[in-house]
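Here are some exercises to work through with the sequence and the model side by side. Try each task before reading its solution.

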Amino acid sequence: MTARIIDGKSIAAEIRAEVAAGVEALIGRGGPVPTLATVLVGDNPASATYLRAKRTAAAEVGIGTFDHTLSGNATQQEVESFVTELSDDPRVHGILIQLPLPIDLDEQSVLTRIRIEKDVDGFHPINLGRLAQKGSDPLFIPCTPAGCLTLLKRSGARLEGSRAVVLGRSNIVGMPVALLLIKHDATVTVCHSRTRDLPQVCRGADILIAAVGQAELVRGDWIRPGATVIDVGINRVEDPTTERGYRIVGDVAYHEAIEVAGSITPVPGGVGPMTVAGLLQNTLHAAEIAHDRSAA
Ligand code: NAD
C-alpha cells in the first residue's frame with residue numbers, strides 16, 4: 001500500500017487565492033487594506049527568514065505589513081509598551097510577534113498585550129481558552145493547528161468519533177491542535193516526552209499528528225495501516241550530498257510511513273505552507289472585524 005500524499009502546497013495556494021479574493025471584496029465594500037504588524041525581537045536568523053516569507057506571502061494577496069525589529073536587549077517593559085502601541089493603532093489589524101522571544105523575556109506577558117481582535121496568531125490566553133471551552137469559539141485559531149485541521153478536512157479524513165493521537169503538547173502546536181480535534185468530535189490522546197510506550201499508543205491512531213521536533217522519530221511500524229498522518233516537524237539533518245549540507249525532514253520517517261499510512265503530508269510541502277496561509281486568513285478576518293465594528 002502506498003499512501004495518498006496530502007499536498008499542502010496546492011491546498012495553501014487555493015487558500016491564498018481565496019484570501020486575495022476576500023481582500024478585494026473587503027476593499028470593494030469600503031473596507032481597509034488588511035494590515036499586519038510584525039515584530040521581531042533580536043536577530044535570530046531563522047525567525048528573520050520566517051518573517052520574510054510571511055511578509056512576501058502577505059504582499060502577494062494584497063495584505064499590507066508594518067515591519068518592526070526591536071533590539072535583542074529590549075526590556076520586558078519596552079517590548080510590552082511597543083505591543084500595546086500597536087494594539088491601539090487603528091491602522092494595524094493584526095499583530096504577529098515572531099516567537100521565540102529572547103530567553104529573558106516573558107512571552108506570555110507580551111502576548112497578553114495584543115488585543116484579542118488583533119491576535120492573528122491565536123496565542124492570546126483568551127483565544128486559547130475559548131478554544132478549550134465547550135460552546136465558545138476563539139476569534140482566531142493558531143495558524144499551524146488550523147492548517148493541520150484544514151489538511152485533514154480537505155483530504156477527506158473523518159474526524160467525528162476517530163481516534164486521534166497528537167505527539168507534542170506545546171502551546172503553539174500540540175495543545176491547540178488537540179483542542180481543535182476535540183472540538184471536531186475526535187477522541188484525542190496527547191503524548192509528550194514522558195509518555196510511555198509511544199509506538200504502541202501511536203498504533204491506535206486513525207489520525208496521527210506529529211509535532212515534536214525530533215527528526216524521523218515516528219517509524220513506519222508505529223502507524224496503523226490506513227491512518228492519516230500529519231507531520232508538523234521541521235528538522236535539519238546533515239546531508240553532505242546537498243549544496244547546503246543539510247536537508248529538512250519531518251518528525252515521521254516518511255519513506256517508511258508511506259508504505260503503511262492511508263494518507264500523509266510531506267515535509268517540506270505539507271503543513272509549512274498552510275501555516276503562512278492561515279496567517280493570511282486570520283489577518284483578513286481581523287480587518288473584517290475592524291471594518292464591521294467601525295460600520296456598526
Ligand atoms: P516544542 O519543542 O515547543 O514542543 C515539542 C513537544 O514534543 C513537547 O511537548 C515535548 O514534550 C514533545 N516531545 C519531545 N520529544 C518527544 C519524544 N521523544 N516523544 C514524545 N514527545 C516528545 O516544539 P513545537 O514548537 O511544538 O514544534 C514541534 C515541531 O514542529 C518542530 O519541528 C517545529 O520546527 C515544527 N513546527 C512546524 C511548523 C510549521 O509551520 N510546519 C510550525 C511550528 C512548529
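Before you start, keep in mind that this is a predicted model.

**Exercise 1. Work out the strand order of the six-stranded sheet, and find which strands stand at its edges.**

Step 1. Trace the strands across the sheet: the order is β1-β11-β8-β7-β5-β6, and the sheet is open. The pairing is parallel.

Step 2. Look for strands with a single partner. These are β1 (4–5) and β6, so one side of each has no neighbour in the sheet.

Step 3. See what packs on the sheet. Helix α6 touches β7 and β8 (228–231), and its direction makes about 150° with that of β8.

Step 4. Check the pairings inside the sheet. Four bridges join β5 to β7, and Val166 stands opposite Ile209 in β7. Another four bridges link β7 to β8, where Ile207 has Thr228 as its bridge partner. Between β8 and β11 there are two bridges, again in the parallel sense; here Val229 is partnered by Ile264 of β11.

**Exercise 2. Decide whether the residues on the two faces of β8 are buried or exposed.**

Step 1. Recall the general pattern: in a regular strand, side chains alternate between the two faces of the sheet.

Step 2. Sort the residues of β8 by side. Thr228 and Ile230 lie on one side, while Val229 and Asp231 lie on the other.

Step 3. Check the accessibility of these residues. All four are buried, and both faces of β8 are covered.

**Exercise 3. Describe the surroundings of Ser263 and Thr265.**

Step 1. Place Ser263 in the fold: this residue belongs to strand β11 (residues 263–264). Its relative accessibility is 5%, and because buried means under 20%, Ser263 counts as buried.

Step 2. List what Ser263 touches beyond its neighbours within four places in sequence. The contacts are Ala3, Arg4, Ile6, Ala227, Thr228 and Val229.

Step 3. Move along to Thr265, which sits in the loop between β11 and α10 (271–295). With 1% relative accessibility, Thr265 also counts as buried.

Step 4. List the contacts of Thr265 in the same way, leaving aside neighbours within four places in sequence. Among them are Ile6, Leu151, Val229, Ile230, Asp231 and Tyr254.

Step 5. Compare sequence with space. Thr265 and Thr228 are 37 residues apart in sequence, and their C-alpha atoms are 8.7 Å apart.

**Exercise 4. Find how many residues of helix α7 are buried, and what covers them.**

Step 1. Count along the helix (residues 174–183): seven of its 10 residues are buried, which leaves α7 mostly covered.

Step 2. Name the buried residues: Gly174, Pro176, Val177, Ala178, Leu179, Leu180 and Leu181.

Step 3. Look at what lies over them. The cover includes the helices α5 (125–132) and α6 (143–154), together with the strands β5 (163–167), β6 (187–191) and β7 (207–210).

Step 4. Check the backbone just after α7, where Asp185 takes a positive phi of about 70°.

**Exercise 5. Lay out the three-stranded sheet and the helix across it.**

Step 1. Read the order of this open sheet, β3-β2-β4, with parallel pairing. The edge strands are β3 (64–70) and β4 (94–97), each pairing on one side only. From one strand to the next, the twist averages 15°.

Step 2. Inspect one pairing. Strand β2 (residues 35–41) and β4 are joined by four bridges, and Leu36 stands opposite Gly94.

Step 3. Add the helix: α2 (residues 45–60) lies across β2, β3 and β4, and runs at about 170° to β2.

**Exercise 6. Explain why Cys143 and Cys202 form no disulfide here.**

Step 1. Search the whole structure: there are zero disulfides. The cut-off is a pair of cysteine sulfur atoms within 2.5 Å.

Step 2. Take Cys143. Its closest cysteine sulfur, in Cys148, is 11 Å away, so the distance is too far for a bond.

Step 3. Take Cys202. The closest cysteine sulfur is in Cys191, at 5.7 Å, which is also too far for a bond.

Step 4. Check burial. Cys143 is buried at a relative accessible area of 5%, and Cys202 is buried at 1%.

**Exercise 7. Find which ring the charged end of Arg236 sits over.**

Solution. The ring belongs to Tyr246, and the charged end of Arg236 is 3.9 Å from its centre.

Methods: Residues are numbered from 1 along each chain as its sequence is written. This is a predicted model: local features need pLDDT of at least 70, side-chain atom pairs count only at pLDDT 80 or more; totals for chains, interfaces and linings use all residues. Side-chain values use heavy atoms; hydrogens and water are left out. Buried means under 20% relative accessible area, exposed over 50%, partly exposed in between (1.4 Å probe, protein chains only). Contact means heavy atoms within 4.5 Å. Two strands pair if DSSP finds at least two bridges between them. Axes are lines fitted to C-alpha atoms, for helices over the stretch in contact, and angles run from 0 to 180 degrees between N-to-C directions. A charge sits over a ring if NZ of Lys or CZ of Arg is within 6 Å of the ring centre and within 35 degrees of the ring normal.
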